[in-house]
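Student: I've got a model open and I'd like to learn how to read it feature by feature. Can you walk me through it?

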Amino acid sequence: MAEKEQMQKNIEEFKRLQDYMISTDKDCEGYKKMKRRYIALKVILTSCGINLTELDIIKE
């Protein structure tokens, strides 16, 4: 997969994951797992130079 396609996939996953997190109780195990992936995606996207200011609606 080309780098640009992978980056687009990660951005789409980041946005989708945030939607799931918003609709889930923060105390459940599923939310904790989603938060770990959320943090990993933030690191990946930031290290690729993506500005998350507009994309990050969770801001944790």
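Tutor: Sure. Let's start with a yardstick: the expected span of a helix is 1.5 Å times one less than its number of residues. Keep in mind as we go that this is a predicted model.

Student: Got it. How many residues does helix H2 have, and what length does it reach?

Tutor: Helix H2 runs over residues 29–47, which is 19 residues, and spans 28 Å from first C-alpha to last. The expected value is 27 Å, so the two are close.

Student: And what is the overall make-up of the chain in helices and strands?

Tutor: Two helices and zero strands. The C-alpha atoms fill a box of roughly 35 × 25 × 15 Å along the principal axes. Of the 60 residues, 23% count as buried.

Student: Back to H2. Which of its residues are buried?

Tutor: General idea to begin with: an α-helix has 3.6 residues a turn, so residues three or four places apart point the same way. Now the case here: Tyr-31, Met-34, Tyr-38, Leu-41 and Leu-45 are the buried ones in H2. They cover an arc of only 80° around the axis, which puts them on the same side of H2.

Student: Which residues are exposed on the other side of H2?

Tutor: Arg-36, Val-43 and Ser-47 are exposed there.

Student: What do the buried residues of H2 pack against?

Tutor: Their partner is helix H1, residues 3–22. On the chain as a whole, take the contacts between residues at least 6 apart in sequence: 57% of these join residues at least 24 apart.

Student: Next feature, aromatic rings. How do I describe a pair?

Tutor: A pair of aromatic rings is described by the distance of the centres and the angle of the planes. This structure holds one aromatic pair. Phe-14 and Tyr-38 make it up, with 5.5 Å centre to centre and 10° between the planes, and that counts as stacked. The pair links distant parts of the chain, with Phe-14 in helix H1 and Tyr-38 in helix H2, 24 residues apart.

Student: Are Phe-14 and Tyr-38 buried or exposed?

Tutor: Phe-14 is buried, at 0% relative accessible area. Tyr-38 is buried too, with a value of 0%.

Student: Now charges. How many salt bridges are there?

Tutor: The general idea is that side chains of opposite charge can pair when their charged atoms come close. Here the count comes to two salt bridges. One joins the side chains of Arg-37 and Glu-13, at 2.8 Å from N to O. That pair links Arg-37 in helix H2 with Glu-13 in helix H1, 24 residues apart. Arg-37 is partly exposed at 31% relative accessibility, and Glu-13 is partly exposed at 22%.

Student: At what N to O distance do Asp-56 and Lys-42 meet?

Tutor: Their side chains meet in a salt bridge at 3.0 Å. Asp-56 lies in the segment after H2 and Lys-42 in helix H2, so the pair ties together parts 14 residues apart in sequence. Asp-56 has 6% relative accessibility; buried means under 20%, so Asp-56 counts as buried. Lys-42, at 21%, is partly exposed.

Student: Where does the backbone take a positive phi?

Tutor: Look just after H2: Gly-49 has a phi of about 90°.

Student: Last one. How much surface does the chain expose?

Tutor: About 4,400 Å², and carbon and sulfur atoms supply 54% of it.

Key. Residues numbered from 1 in each chain as written. Predicted model: local features only at pLDDT ≥ 70, side-chain atom pairs only at ≥ 80, totals over all residues. Heavy atoms only, no water. Helix = DSSP H or I, 4+ residues; strand = E, 2+ residues; numbered from the N terminus. Buried < 20%, exposed > 50% of the residue type's maximum accessible area, 1.4 Å probe, protein only. Arc of directions from axis to C-beta. Contact = heavy atoms within 4.5 Å. Phe/Tyr/Trp six-rings, centres within 6.5 Å; stacked < 30°, edge-to-face > 60°. Salt bridge = Lys/Arg side-chain N within 4 Å of Asp/Glu carboxyl O. Areas by Shrake-Rupley, 256 points an atom, 1.4 Å probe, with all protein chains shown as cover.
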